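These are my notebook entries on one protein chain and its ligand. I went through the structure topic by topic and wrote down what I looked up.

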Amino acid sequence: MAVVIDGKQVAASYRATLKERVTELRARGIVPKLKVVLIGDDPASHSYVRGKERAAEEIGIDSQVLRFDETISETELLDLIDLMNEDEEVHGILVQLPLPKHIDESRVIMRISPEKDVDGFHPENVGKMMLGLDTLLPCTPHGILHLAKTQTEIAGKHVVVVGRSQIVGKPVGMLFLNESATVTYCHSKTADLGAMTRQADILIVAVGRASLVTADMVKPGAVVIDVGVNRVEGRLVGDVDYAAVKEKASAITPVPGGVGPMTITMLMHNTIEVASRG
Ligand SMILES: Nc1nc(=O)c2c([nH]1)NC[C@@H]1CN(c3ccc(C(=O)N[C@@H](CCC(=O)O)C(=O)O)cc3)C=[N+]21
């Protein structure tokens, strides 16, 4: 029977240390400031952004959400980013994804100043992360690494990543490689997924398909990190068959209450990092 990794609890205790850092910054006259751009009326996006606002308020970060309807043009959005890039009081800029079809996501990401890119999505930050240099790390991968470290040593472990998205799969493998894990990537074209996942000491699943990973695909004693966010019959579930895998793993993250709260907390971490650079 696995330990349930309480992401809500780990995130809350991490936020307590962040709150102290904000107190110190404010004593020096620095108020960390985060701008979130939210386009359209997708209920999930609005819910995530509310979570970000709540966390910022708890820690003492000044956050502002700029809401636009989906008719906003790409040029208008890029001009807005330019203004925030130039505003010395703004430390972090986040444009909530996905964007409407008529807006080129990569052009938007590349327009955000790498120094203010608290998502860690800009190619300059991705490149620095790949090189193992000190930089703004992508929030979900950073949160996953932090959760895994509460359970196990990373060096020498076999980490199997299922999913190769730009936002989670690819960077999370790179972060664990930098921590001296042996990393295997799996994806939709992987020939025998179970044969791969059964080798994992640490199994990270970030695909977006409910019940993708079943108990027979997990090595006894593995640490399982479920990054999936799926709505099934109105309920939020991950990519892992939680009830069955829980019996086999040594530790597992629940959905909700696992990786999600860590993602938001690492966004706060990045905003404070930028504010601390002065
Ligand atoms: N530029 C950008 N940066 C992002 O970081 C980003 C994004 N766009 N677009 C969407 C995804 C998704 N994402 C989540 C954040 C928190 C939870 C979270 O806190 N989930 C709660 C449950 C929330 C609920 O109940 O709906 C949990 O797992 O416990 C989930 C998902 C950030 N994203």
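**Entry 1. Burial, and one residue as a trial.** I began with the rule for burial: a residue is buried if 20 or more other C-beta atoms lie within 10 Å of its own, and exposed if 12 or fewer do. I note here that I worked from a predicted model. I tried the rule on isoleucine 61, which sits in the loop between α2 and β3 (62-68). Is isoleucine 61 buried or exposed? It has 25 C-beta neighbours inside 10 Å and therefore counts as buried.

I then asked which residues isoleucine 61 touches, leaving out those up to four places away in sequence. I found Val22, Pro32, Leu34, Ala56, Met268 and Thr271. For one of these partners I looked up the distance: the C-alpha atoms of isoleucine 61 and valine 22 are separated by 7.3 Å, and the two residues are 39 apart along the chain.

**Entry 2. The whole chain.** I next recorded the general build. The protein chain has ten helices and eleven strands. Its C-alpha trace spans about 50 × 40 × 35 Å along the principal axes. For 278 residues, a compact globule would have a radius of gyration near 19 Å, and the chain agrees because its own value is 19 Å. By the burial rule, 43% of the 278 residues count as buried.

I also looked up how contacts are distributed along the sequence. Taking contacts with a separation of 6 or more, I noted that 69% join residues 24 or more positions apart.

**Entry 3. Domains and record entries.** I found the chain divided into domain 1 (29-113) and domain 2 (139-260). The centres of domain 1 and domain 2, taken over C-alpha atoms, are separated by 28 Å.

I compared this with the UniProt record. An unreviewed entry there lists residues 5-119 as "domain: Tetrahydrofolate dehydrogenase/cyclohydrolase catalytic". That span is 50% helix and 16% strand, and its end C-alpha atoms lie 24 Å apart. The unreviewed UniProt entry also lists residues 138-276 as "domain: Tetrahydrofolate dehydrogenase/cyclohydrolase NAD(P)-binding". In residues 138-276 I noted 35% helix and 19% strand, with the end C-alpha atoms 18 Å apart.

**Entry 4. Around the ligand.** How many residues surround the ligand? I noted 18, the closest being Tyr48, Leu97, Pro256, Gly260 and Thr263. Domain 1 and domain 2 each give at least three residues to this shell. Among the elements that each supply at least two residues are α2 (43-59), β4 (92-95) and α10 (259-277). The largest share, four residues, comes from α10. By class, I recorded eleven nonpolar, six polar and one charged residues in the shell.

**Entry 5. Two cis peptide bonds.** Before looking at the backbone I reminded myself that most peptide bonds are trans, and that most residues other than glycine have a negative phi. Two of the closest ligand neighbours, Leu97 and Pro256, led me to exceptions. The bond from leucine 97 to proline 98 is cis, with omega near 0°. Proline 98 lies in the loop between β4 and α4 (105-111). The bond joining valine 255 and proline 256 is cis as well, with omega about -5°. Proline 256 is placed in the loop between β11 (251-252) and α10.

**Entry 6. Helix α7 and the residue after it.** Why is helix α7 (residues 169-178) described as largely enclosed by the rest of the structure? Seven of its ten residues are buried, so the description follows. I listed them as Gly169, Pro171, Val172, Gly173, Met174, Leu175 and Phe176. Their cover includes the helices α5 (123-130) and α6 (139-149) and the strands β5 (158-162), β6 (182-186) and β7 (202-205).

Just after α7, serine 180 takes a positive phi of about 70°, although serine 180 is not a glycine. This serine lies in the loop between α7 and β6. It has 12 C-beta neighbours inside 10 Å and so counts as exposed.

**Entry 7. A second positive phi.** Serine 211 is also not a glycine and has a positive phi, of about 65°. I located serine 211 in the loop between β7 and β8 (223-226). With 15 other C-beta atoms within 10 Å, serine 211 is partly exposed.

How values were computed:
Residues numbered from 1 in each chain as written. Predicted model: local features only at pLDDT ≥ 70, side-chain atom pairs only at ≥ 80, totals over all residues. Rg over C-alpha atoms; globule rule 2.2 N^0.38 Å. Contact = placed C-beta atoms within 7 Å. Near = placed C-beta within 6 Å. Nonpolar A, V, L, I, M, F, W, Y, C, P; charged D, E, K, R; others polar. Domains from an automatic or database assignment. UniProt positions renumbered as here; feature names shortened; annotations may be inferred.
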